[in-house]
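Colleague: I have some questions about the terms used for this model. Please answer each with its cut-off.

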Amino acid sequence: MGVREDDGPDWKECMAERARELGFVRVGFAKAERRADLEGVLLRRERLGLVTPFVRASLRQRTDPREVWPECRTVMVLAYPFPLSLPPLQGEGVIARSAVGEDYHAVLRKKLAALEQLLRAAGWPGREIRQQVDTGPLVERFWAVQAGVGWIGRNQQLIVPGVGSFLALALLLLDRELAPNTPVPAGCGECGLCLEACPAQILGQPDFRADRCLSYLTQTKEVLSGREASLLGNRIFGCDTCQEVCPHNRLRLRQEASLYEEIQTERRRAAGAQAGDAAQGDPAEDVGSLKEAARAVGIRRCAVEGRGMQPEPVPDLGAHREPTRDAGAAGDVARNVSIKPDSVGGVGAQENAARDAGLRPNPVAAALLFRGVDLFQTLLLTKPAFREKFGWTAAGWRGKGILQRNAFLALKNAQDKRLRHWLAERKQGGAVPPLIEAYGASEFAAGDND
Ligand code: B12
Ligand code: SF4
Ligand code: SF4
C-alpha cells in the first residue's frame, strides 16, 4: 500500500528530518524487491568459496527483503558516523574506528527504536517497522547504493558524498511504499590510492578476497599463516588502512588531527601551569598526561561547545548538533576502553532512559576515544578486565582469546622482549592460551626475540 502525500506529512522528509536529529548523516529509500542481479554476484562468490563464515543466511533471504518479512515494501537505509577517535601511541595496538566506544550495534538499535517512536508519534500509518544492524541477512551496502545513500569505492566501502566512509549502516524495513531514491554516481575517478595502500594487496581484483582482508584475519579463529600474521602488524581488531588513504575521508581525518592538536595544546598548557610557567614547553611524552588532557578537552567540548564527539556537521547535513549538557557530572570520563556507559556516575534513571532513546546526549560522548590499546595488558587480559574494557564495544564480539592472540602477534611483530618471559612462565604452568599455541610459541621462546 502506498502512502499518499495527502495522507498527512511528507513521510520521506519527516523521516529524514527525525533521523538527522538522532545523528544519522544520510538516509535513502529503496523498493523492497527480489534482486536477481545481487543473487548472481553472491552465487559467484559462493562458487568461488569467497563467503566468510560470518554470513549464514540463505541466498533468497540475502537478496529479497520480502523473504525476510513478507509485508516489507520499502527498505529505508540510514548511515551513522563512527565517533571521532584518537590515534594509537607508539608501541600500542590499534582498534579500527568501527570498534571503539560503545558497540555501534547497541547504539544504532537504540537510535532506530527512538526513530520508530518519533514516527509513531507523528502518525506513521504502517503496522510494524523492522530493523537490521549488520547482523541480519540483507546485504546492507547493496541497499545503500539502491537507496542513493552513497556509492561503492574501489576499497569496497560505501562512501557517502560529502561525508566519507567511516560510518555504519542500518536498515528499517517498512510495510508502506515510499518513492525510491536513485543511486548516486561513483566518485573514485582515476584515484587508486587504496589499491596501493592495502597491505594485503587484495583491492582492484574482480572478486574481493574477504578471507585475505586483514579485518577478517583479526576476527577469524583459524590459524594464520606466517605471512598473514606479520601483515597484521599492530592491528588488534579490524583494519582501516584503505579508508585512511581515501580522499573522501579527508574532512573526517582533518577533524581527528585538529582534535589531537587541541589535546597537545592542553597538555602543554597544563604542564606550564604546573610548573608555574605558561611557556614551559612540551611535557614529557607520558600516556597519563595525554589521557588527562584528552579528558579535559572532551569535557570542555561537550560542556562549552555543546557537542559530543560526533563529527562536525558537513555542509549538506543541515544543523545537526548533539544537544548541550554539562559533562561535569559524567563521572570518570578518562579513557574510552575503561568506561562502560552504564557505569558512568551522576546519570539518573530518567536521564538514562532519555539518553537511551537517543534524545539526550550520552555523557560518555564527552570522553575522547582512543584507538590505541596497551599490547601487553591486552595479552594479559582476565575475564573481568575483558568485560570491562571490550565487552561493551564492537571489538568484543569474538571474545577475549582473539584479542589476546592479536596482541601476541603484534608483540611478536614488534619483537618485544617481554614475550619471551611471558611464554616461559606460561609454558611452565602449562597454560599457553589455545589460540596462541599454534604460532611457533616454543621456537619463539627459545630465542627469536633476543
Ligand atoms: C561479512 C562482513 C564483513 C567481512 C567480509 C566483507 C566482504 N566484503 O565480503 C569482513 C570481516 C572482511 C568485513 C570487514 C569490514 N567490514 Co564488514 N560486513 C560484513 C557484513 C556482515 C556482510 C557483508 C556481505 O554480505 N558481503 C558480501 C558482499 C558481496 O557484499 P558487500 O561487500 O557488503 O557489498 C557489495 C555489494 O553490495 C556490491 N554492490 C553494490 N552495489 C551493487 C549493485 C548491483 C546491481 C550489484 C549486483 C552489486 C552491488 O558491491 C558491494 C561491495 O563489493 C556487512 C553487514 C551486512 N549485513 O551487509 C558488514 C559491513 C559491510 N561491514 C562494515 C564495516 C565497517 C567493515 C570494516 C570497515 C570494519 C573494519 N574497519 O575493519 C571492514 C572493511 C573491509 C572491506 N574492505 O570491505 C560496514 C560497511 C560500512 C561502509 N561504509 O561500507 C557494514 C555494512 C556493517 C554495518 N552495518 O555498518 N566485513
Ligand atoms: S580493510 Fe585492510 S586488508 Fe582489507 S581491503 Fe582494506 S586495507 Fe586491505
Ligand atoms: S582511495 Fe581513491 S580509489 Fe580508493 S575508494 Fe577512495 S577515491 Fe576510490
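Colleague: Which residues point one way from β2, and which the other way?

Modeller: Thr-74, Met-76, Leu-78 and Tyr-80 point one way, while Val-75, Val-77, Ala-79 and Pro-81 point the other way. All are buried. A word on the basis: this is a predicted model, where local features need pLDDT of at least 70, side-chain atom pairs count only at pLDDT 80 or more, and totals for chains, interfaces and linings use all residues. Residues are numbered from 1 along each chain as its sequence is written, and chains are lettered from A and ligands numbered from 1 in the order in which they are written.

Colleague: What makes strand β2 mostly covered?

Modeller: A residue is buried if 20 or more other C-beta atoms lie within 10 Å of its own, exposed if 12 or fewer, and partly exposed in between, with C-beta atoms placed from the backbone. In β2 (residues 74-81), eight of its eight residues are buried. Over the chain, buried residues make up 37% of the 450 residues.

Colleague: What is called a helix or a strand here?

Modeller: Both are DSSP runs, numbered from the N terminus: H or I over at least four residues for a helix, E over at least two for a strand. By that rule the chain has 19 helices and eleven strands.

Colleague: How do you know that β1 and β2 pair?

Modeller: Two strands pair if DSSP finds at least two bridges between them. Six bridges join β1 (residues 26-31) to β2, and the two run antiparallel. Lys-31 has Thr-74 as its bridge partner in β2, and Gly-28 has Val-77. β2 also pairs with β8 (residues 167-174), antiparallel, over eight bridges. There, the partner of Val-75 is Leu-173.

Colleague: Why is the sheet of β1, β2, β8 and β5 called open?

Modeller: The order is β1-β2-β8-β5, with antiparallel pairing. β1 and β5 (129-132) stand at the edges with a single partner strand each, so one side of each is left without a neighbour in the sheet. From one strand to the next, the twist averages 25 degrees.

Colleague: What packs on that sheet, touching β1 and β2?

Modeller: Helix α1 (residues 11-21) does, and its direction makes about 145 degrees with that of β1. Helix α5 (residues 104-121) packs on the sheet too, touching β2, β5 and β8, at about 40 degrees to β8. The angles run from 0 to 180 degrees between N-to-C directions, and the axes are lines fitted to C-alpha atoms, for helices over the stretch in contact. Contact between two residues requires C-beta atoms, placed from the backbone, within 7 Å.

Colleague: How many strands form the sheet β9-β4-β11, and what is the pairing?

Modeller: Three strands form this open sheet, and the pairing is mixed. β9 (235-237) and β11 (372-373) each have a single partner strand, so one side of each lacks a neighbour in the sheet. Two bridges join β4 (residues 93-95) to β9, and these strands run parallel. Val-94 stands opposite Arg-235 in β9.

Colleague: Why does Leu-50 count as partly exposed?

Modeller: Leu-50 has 15 C-beta neighbours inside 10 Å, and so it counts as partly exposed. Leu-50 is found in the loop between α2 and α3 (59-63). Beyond four places in sequence, Leu-50 touches Arg-45, Asp-207, Arg-209, Ala-210 and Asp-211. The C-alpha atoms of Leu-50 and Asp-211 are separated by 6.9 Å, though the two are 161 residues apart along the chain.

Colleague: What makes α2 hardly covered?

Modeller: The count of buried residues among its twelve residues is zero. α2 (36-47) is one of the elements that each supply at least two residues of the shell around ligand 1, and α2 gives the most, with five residues.

Colleague: How do you know what surrounds ligand 1, and how many residues do?

Modeller: A residue is near a molecule or strand if its C-beta atom, placed from the backbone, lies within 6 Å of it. 37 residues surround ligand 1, and the closest are Ala-96, Phe-142, Leu-158, Ser-215 and Gly-238.

Colleague: How many residues of the shell around ligand 2 are nonpolar, polar or charged?

Modeller: Ala, Val, Leu, Ile, Met, Phe, Trp, Tyr, Cys and Pro count as nonpolar, Asp, Glu, Lys and Arg as charged, and the others, Gly among them, as polar. The shell around ligand 2 divides into nine nonpolar, three polar and no charged.
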